Amino acid sequence: MVGGRSDAAAMIPFIDSTAAQWVRPNLPDYAAACRSFSWESVLAELDGLPGGGLNIAHEAVDRHARGRFRDRVAIRCLGAMGDRRELSFAELAVESNRFANVLRALGVGRGERVFSLSRRVPELYIAALGTLKNTSVFCPLFPAFGPGPIVERLVRGNGRVLVTSSALYREKVAGVIDQLPELRALLLTDAPDHWDGKVLSLPRLMAEASGVFRIPPTDPEDMALLHFTSGTTGPPKAAVHVHQAVLLHYATGRDVLDLHSNDVFWCTADPGWVTGTSYGIIAPLLHGVTMVVDEADFDAERWYRVLAEQRVSVWYTAPTAIRRLMRLGGDPRERHDLDALRLILSVGEPLNPEAVRWGERTFGVPIRDNWWQTETGGIMIANFPACEIRPGSMGLPLPGIEAAIVRVGENGVEEIEEPGIEGELALRANWPSMFRAYLHDDERYRKCFSRGWYLSGDRAKRDAEGYYWFVGRGDDIIKTAGHMVGPFEVESVLMEHPAVAEAGVIGKPDPLIGQVVKAFVSLKEGCLPTEELRRSILGFARKRLGSAVAPKEIAFSEGLPRTRSGKIMRRLLRARELGLAEGDLSTLED
Amino acid sequence: MTDSEIRDAILDGLARIAPEADLASLDPKANLRAALDLDSFDFLRFLIELGEATGVEVPEADYGCVTTLETMSEYITKAARGRGQRGRD
């Protein structure tokens with residue numbers, strides 16, 4: 001048992017059954033940590049770049065490759081077909097050096113964007129780290145995007161290089177390559193030979209590249225990562241993160257994920273979502289732990305096997321997956337040895353209290369929810385290992401992060417001190433991993449801030465003990481299976497179908513994935529609302545947007561409710577869907 | 001249900017969820033989720049609807065046994081024959 005913890009904290013045991021002893025949390029006393037916290041002390045735990053500055057890849061890989069973890073497995077990739085590939089820290093350093101040299105040979109330099117569209121294979125991780133070493137900017141895309149979202153993001157992000165596979169290239173990129181004039185090279189992770197002057201074999205380039213690379217001086221404010229996130233009214237926004245973010249990646253890996261050097265860590269998120277980069281690549285490597293990567297898609301039994309066979313001790317996953325495991329039922333510990341598991345965390349949408357308790361019954365450890373966004377770069381509010389869990393709450397702010405519930409009115413932002421009152425969740429600006437821009441969109445960036453606060457767009461409450469509780473989104477953005485979908489992006493594609501006159505897209509509540517993307521469409525004159533047409537529209541949307549973004553349901557509607565200024569009132573569509581009172585209709589047309 | 005009725009029920013269900021797919025040229029041994037771009041929610045919903053159409057409910061634990069057209073047809077056929085025992089043996 002650990003000293004210095006409150007009685008409430010002592011209710012939750014920390015058991016490392018493999019060593020048959022208690023694991024002392026890295027953050028044993030939350031209040032004391034908040035009092036003594038400084039970012040300088042976090043920086044002091046890192047190395048700093050030998051030539052000056054701060055580079056994420058140096059801290060994540062090279063410093064371990066030269067230290068006592070050099071032969072430890074850094075990444076263990078479990079292939080979809082049962083194969084397995086491992087890279088030690090030393091090997092990862094050499095391979096990422098090669099990738100940096102490949103970029104250099106292609107003339108790709110500082111600040112230029114390298115995109116990935118890849119399944120979770122070792123090359124994806126090597127490319128991410130090599131890109132950071134080259135001081136270029138890594139921008140991962142989710143492989144279930146269709147050609148539409150891919151083009152939109154590559155164009156907005158001025159993609160110079162795309163790392164992808166032969167199959168994904170053929171299916172999703174080859175047909176739209178003419179729309180990507182800024183793209184200089186496509187690197188195919190599985191092609192033995194170059195296809196032409198632009199579509200190149202990555203294995204061949206890697207074989208020709210040197211494994212020695214010296215990271216150039218990197219300013220902590222140099223752009224490192226670009227993550228796209230959905231907007232309500234416009235196209236997706238590209239949130240810019242800088243190398244300085246590594247301070248928060250490290251601090252949250254220590255204090256929230258509670259990584260100890262002998263842990264085996266599994267983050268189930270794909271790097272195409274921000275969680276899969278901040279915590280599925282960077283944070284575990286920073287702490288020198290072995291991370292497991294599973295290439296395959298969700299499969300309940302397979303996941304239990306991975307947890308058991310890999311002896312996963314810290315597991316970061318999402319409510320959608322947890323609810324699927326709950327659906328599977330039974331006691332997994334009868335079939336699988338899950339004794340190594342000592343900490344389970346969840347992010348993406350609020351975890352219902354029932355799921356928190358199910359975790360405790362099923363695994364012997366509760367599931368700890370936390371909250372953050374693409375814009376925040378890393379975890380901001382969390383249920384810490386040493387703190388009491390309030391099921392359904394996102395937890396307490398990270399030491400070093402100031403959160404508040406605010407009211408945004410005519411006089412700007414006003415803090416709500418009183419507990420239990422709903423408002424907008426805000427964070428005091430200028431933490432290390434705060435986004436530094438929306439690329440090419442200063443206006444939307446500026447709108448996120450007021451009087452020194454970052455306004456998250458999420459509605460929340462704070463209780464008397466300082467725990468935060470999520471209420472809902474303040475806008476029309478849809479949260480489905482833990483990721484954001486912008487209705488505008490979906491509506492725009494639906495409108496391109498020849499039979500569609502107008503489209504309104506909402507999130508329909510769903511017990512498994514939070515919200516389902518549902519589209520209401522009205523048809524052009526002469527088009528009949530048949531099952532055949534429904535399928536035609538759905539197929540059209542899936543082909544363009546991919547399964548991650550396309551609607552799951554399409555309903556025909558005669559005319560959609562609009563405001564006087566012509567905007568579709570999604571709020572009203574949602575209210576109708578739920579059979580709720582429709583609220584203030586004064587701005588509605590008709 | 002005959003084998004071909006079961007196969008038709010599967011193809012009908014896939015066409016509802018992924019109408020853009022060219023099912024005529026689908027390789028019976030291909031992973032359905034990868035070949036047809038079905039996310040885990042699509043696949044879940046497809047299997048629930050297939051259960052309603054065929055009377056064979058595939059429990060979540062067996063989702064890994066029905067990843068291709070071929071293995072799915074076999075699974076449903078077998079379960080339909082042994083009806084009364086629940087959809088697995």
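Domain bounds in this predicted model come from an automatic or database domain assignment. On that basis, chain A is divided into three parts: domain 1 (52–71 + 80–242), domain 2 (402–473) and domain 3 (478–578). Domain 1 of chain A is thus written as two segments, 52–71 and 80–242. Domain 1 and domain 3 of chain A meet in a contact. This contact takes 17 residues from domain 1 of chain A and 14 residues from domain 3 of chain A. The C-alpha centres of these two domains of chain A lie 33 Å apart.

The overall dimensions of the chain were examined next. The C-alpha trace of chain A spans about 70 × 65 × 55 Å along its principal axes. Its radius of gyration is 24 Å. A compact globule of 590 residues would have a value near 25 Å, so chain A agrees with that expectation.

Secondary structure in chain A comprises 19 helices and 30 strands. Contacts were considered for residue pairs with a separation of 6 or more. Of these contacts in chain A, 68% join residues 24 or more positions apart.

Burial and surface follow. Of the 590 residues of chain A, 64% count as buried, where buried means under 20% relative accessible area. The exposed area of chain A is about 22300 Å². Carbon and sulfur atoms supply 50% of this area.

Charge was treated last. Chain A carries 70 positive and 77 negative charges. The mean positions of the two sets in chain A are 2 Å apart.

Key. Residues numbered from 1 in each chain as written. Chains lettered and ligands numbered in written order. Predicted model: local features only at pLDDT ≥ 70, side-chain atom pairs only at ≥ 80, totals over all residues. Heavy atoms only, no water. Helix = DSSP H or I, 4+ residues; strand = E, 2+ residues; numbered from the N terminus. Rg over C-alpha atoms; globule rule 2.2 N^0.38 Å. Buried < 20%, exposed > 50% of the residue type's maximum accessible area, 1.4 Å probe, protein only. Contact = heavy atoms within 4.5 Å. Areas by Shrake-Rupley, 256 points an atom, 1.4 Å probe, with all protein chains shown as cover. Lys, Arg positive; Asp, Glu negative; His and termini not counted. Charge placed at Lys NZ, Arg CZ, Asp CG, Glu CD.
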